[in-house]
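Student: I've got a new structure open and I'd like to talk through the words people use for it. Can you show it to me again?

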Amino acid sequence: MIKPIFIRTARAVSAQDSFNSNDLLQPGRTLTGNRFTYMEPNYQDYFTIMQLRRMSRITRLGLVTAIECLRDAGDYRPEAIIMGTGKGSLTDTEKFIHAVREFAEGTLNPTPFIQSTYNSLNGLIGLHHHINSYNSTYVHTGFSLEHALLDAAFQLNEQSIQTALVGSFEEMTPEHYIIKDKLDFWKKEIESPDAIMKSSPGAISGEGSFFFFLDFQQGAAPLQLVDLTLVFEPGEGAVLNAMDAMLEQQGLGWDQLDVYLSGRNQDSRYEHYYAEVENQLSEITHQLHFKHLSGEFDTAAGFGLWAAVRMAEKNQLFPSLIRKQGSAPTLNYMLLYNQYYGKQHSIYLLKKT
Amino acid sequence: MPSVFVTGMGIVSALGIGTASQREKLAAGVSGLGPAAFLNSIHKTEFPFGEVPFSTEELFSRLSDYSKLQQSRLQALGALALEECFTGLERKPAGIRQGLINATTVGGMTDIEDRYFELIKPELSEPDMSWAAGLDCATGTEHLARQFELTDFVTTISTACSSSANAIQFGARLLQQGAVDRVVCGGVDSLTRFTVNGFNSLKNLDRNACKPFDANRNGLNLGEGAAYLLLESERSLEKTGNKPLALLSGYANFNEAFHPTAPSPEGLGAYEAMKRTLEKAGISPASVSYINAHGTATLNNDESESLAILRLFGERVPPFASTKVYTGHTLAASGAIEAVFSLLSLQHQEIYPALNFETPIEVTGLIPCQTYRQMQVEHILSNSFGFGGNNASLLFSRYD
C-alpha cells in the first residue's frame, strides 16, 4: 500500500519496564489478573506539579512518550504529528459524563471536556515543542495506529514532508473495562497467573503508548517500514492472500522472513487467523509474540512495532518475546501481523537497515 | 498530483434532508436554528440549536434500507446523507476498490449517554449488548461502511471541528496514492448532552442565533447533521463513467500550536491553511471567487479568521460568509456540510446570504456577503478550524 519509509526512533510505555531502558532485555514483569496496566514514567522529571495537575493520566503519558521519541531523534521539528487512539482519554470522558449528571448540567469544569477530545494530545505535543505542522488523529479501534502510519507514509512518499512523529495512546479504566466485558472482550476465568498463555474466549486487557519518528530517508534509522497492508473483516484466505501479494511485490519468499511478530493473544475465537500464518512459516523464521507482556488493546500492535525497531537497533531478539526459536542467523526481514477481534487486520513488512 | 473528482454528495442538516432542501433555504436566507425537540438536556430551549427536525424513528423511516445499521441517531443521519450521495450512481461497480473515511467528535454518545450509568453496573446486562459498542467512534463508521459496501478501506478521523475537512483530505490522498479507486469522505455528529455541556462549560454558546463576523457576536450555536462527498480518481471515472460535479483542487492542514482551544489572535493557522491550499492548487488568491468561512461567531475565531483573510487577500477580499447561522456548528460534520454548500454554489453559480450581520468588527472592517447573488463562481475556499490548533482548508473548483 505504501513505498518504503524509515523509522528513526521508537519509544514505548507498556506494562513492562520498556520506557526507561528502551528495550526488553531484562526479564519480563510477571503480570496477573485480567487487566495489565502500564508502568508510569517518572513525570516529575518532565513537568512541574502545576503542569501535572492540569493533565490527565493518558495525556501526560502520551506527552512524555512523544518528548522522549523526539529527543532520541534529535529533531524537535517533525513536519507532521499524526496520532492514533481507539478510545482517547477515557478518564476525561468519564469524568465529564459523571460531572454532567452530578451537577445536573450546571456549571462544569471544562478541562475534562477539552482533554476528552481525541486530538487534544496531538495539540499538546505541538504546543509543548512549538511545532507548526500537519496534524491529524485517527480513532478507528484496531486500525488507529496503522491509519496514522499510512497518512504519514503517503506524505513521506509524495515528499510533501520529510519527517513525521506518529504515535498512539490507549488507557483502560475500571468503568470501560465493565463495558467491554459486556461486549465479551475479556477472558472470563483467570485462575492462574499464566492465564494469558492459555487459549480461551476473550483476551487480557492492556494499555500503553508508542511513538515513532519517521523519515523519508535512511540516515541512521535502524528499521525500514517496507510495506503496510490493512484488511477489514477479511473473507476466507484474504489475510494470506494479502501477505503473499506483499511478499511477491518485494520478491520475497516465506523462507526469507527472519522474524515473525504475532499479535496472538490466546483468544480462542480468533486464533485461527494466527494459526494460518504460522502454517506458512518455515523453520528458519523466529516466531515472536508480545501481548503476553502488554495485554490487548486497540493500538497494541505499536508494542510489536516498537520491539521490532529496538531489536533491529540492538541486532538481537528480546528473549521474553520468543515463542518458537527459528534458525535464521540474521534479523533482516520481519513480518508483523496483528488483528483486533477478527475485524481489523494489519500486516507490516519490516527490514533491518 | 492526479486530479480528484467529486461525483456525488449527500447531506442532512437543520435545513432538512437532501441538497434540494438545503439550497432552497440557503437561497431564501432561512435559518434552521431553533429550540431543540429531541436533545435530552435541560438546555434544549435555553440555547438555539441546529437540530435535524426529525425524531430518530422518522429518520429511519426515510431510509430505503437500514438492515445493517444499529438503532442509532448517528447512524441514521449518516445513512441518509450516504443514500443521497449515491443517487443515480452505481453503489458497487465491479473492479472498483472503494472506502469510507468518516469523521465524528464523540461517535455514538447520543445513543449511549442516557443509559451510561446502567452500562457501568456489572450486574446489569441483557442478551444483546451490541449497542454498547457505540462509544467507540469506529462502530458507527463500520456499520455505515457495511450498509453501503464501502469496506475496502474504512477509517474514522477525530480532530474536533475540522474532522471532516481532514477526512476529505485523507480521502484525496488515498486516491492520489492509488490505495483505492474511489472513496466516500465526510462526517457525522448528533447533538449530545455531553457536547452541549462541554461547550457551555467553555462559555461560548450564544443564547440567541449566532452572529458570524459581527462586532457584537457572542458565541456559537451547536448543530447536528451529516454530509458525504464521493471522490473518484481518473481510473475510477473511466470505469464508472460518472460525470464530475467539481474538482477538489487543493487542501492543507496546519497546526498553529498556540493554545489548546483558542486560535492565535492574528490567525496564523488559518492563514497558513488557506495559503498552502491555494499553493497546492496552483492558483493565486485573486482567483478565489468565494470564501466559505469557518465563522463560528465566537469572539476569538471570527476576528483571527478575518485577520488571516486580510493578510492573504489584502485589498481584494472575495465575497465571504459563514453558514453556521443556518445549521449551527455541526462539529465533525461541518467541514463536509459546508463542502456540499460550496459544491451547490459551484453547480448553480450562486452564493448565499450571511444572516444576522449588523456591525463590522472594528479592527478588520470586513463585511460578509449579505444578499443572495448569482455570479461567476470558479474556485471556493472552505475553512474548518478546530480545538488543538487544527486548521484545515479545502479548495473546490468548477469542472466543465
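Student: What makes you say that strand E11 (residues 344–352) of chain A is largely enclosed?

Tutor: Eight of its nine residues are buried, so the rest of the structure largely encloses it. A residue is buried if 20 or more other C-beta atoms lie within 10 Å of its own, exposed if 12 or fewer, and partly exposed in between, with C-beta atoms placed from the backbone. Strands (E, at least two residues) and helices (H or I, at least four) are DSSP runs, numbered from the N terminus. A quick word on the basis: this is a predicted model, where local features need pLDDT of at least 70, side-chain atom pairs count only at pLDDT 80 or more, and totals for chains, interfaces and linings use all residues. Residues are numbered from 1 along each chain as its sequence is written, while chains are lettered from A and ligands numbered from 1 in the order in which they are written.

Student: How do you know which strands pair with E11(A)?

Tutor: Two strands pair if DSSP finds at least two bridges between them. Strand E6 (residues 223–232) of chain A has nine bridges to E11(A), in the antiparallel sense, and A:Thr229 has A:Ile347 as its bridge partner there. Strand E10 (residues 333–340) of chain A is joined to E11(A) by eight bridges, also running antiparallel; A:Met334 stands opposite A:Leu350. Both counts pass the cut-off, so both are pairs.

Student: What lies between E10(A) and E11(A)?

Tutor: Three residues, and the two strands form a hairpin; in the turn, A:Tyr341 has a positive phi of about 50°.

Student: Why is chain A called as compact as a globular protein of its length?

Tutor: Chain A has 12 helices and 11 strands. Its radius of gyration is 20 Å, close to the 20 Å that the globule rule gives for 353 residues, so the description fits. That radius is taken over C-alpha atoms, and the rule is 2.2 Å times the number of residues to the power 0.38. The C-alpha trace of chain A spans about 65 × 50 × 40 Å along its principal axes, and buried residues make up 56% of the chain.

Student: And what makes chain B as compact as a globular protein of that length?

Tutor: Chain B has 13 helices and 13 strands. Its radius of gyration is 20 Å, close to the 21 Å from the globule rule for 400 residues, so chain B earns the description. In chain B, 62% of the residues are buried.

Student: How do you know whether the length of helix H7 (residues 144–157) of chain A agrees with what is expected?

Tutor: The expected span is 1.5 Å times one less than the number of residues. For the 14 residues of H7(A) that should be 20 Å, and the end C-alpha atoms are 20 Å apart, which agrees. H7(A) is also largely enclosed, because 13 of its 14 residues are buried. Just after H7(A), A:Gln159 takes a positive phi of about 55°.

Student: Why is A:Ile58 called buried?

Tutor: A:Ile58 has 26 other C-beta atoms within 10 Å, so it meets the cut-off of 20 or more. You'll find A:Ile58 in helix H3 (residues 57–73) of chain A. Not counting residues up to four places away in sequence, A:Ile58 touches A:Ser89, A:Thr91, A:Phe169 and A:Glu171. Contact here means that C-beta atoms, placed from the backbone, lie within 7 Å.

Student: Is A:Glu105 buried, exposed or partly exposed?

Tutor: Partly exposed, because it has 18 other C-beta atoms within 10 Å, which falls between the two cut-offs. A:Glu105 is in the loop between helix H4 (90–102) and helix H5 (111–116) of chain A, and it has a positive phi of about 60° although it is not a glycine.

Student: What makes B:Asn356 buried?

Tutor: With 21 other C-beta atoms within 10 Å, B:Asn356 reaches the cut-off, so it counts as buried. Its phi is near 70°, a positive value in a residue other than glycine.

Student: How many residues of each chain are in contact with the other chain?

Tutor: 47 residues of chain B are in contact with 46 residues of chain A. Helix H8 (193–201) of chain B gives the most to the side of chain B that touches chain A, with five residues.

Methods: Contact = placed C-beta atoms within 7 Å.
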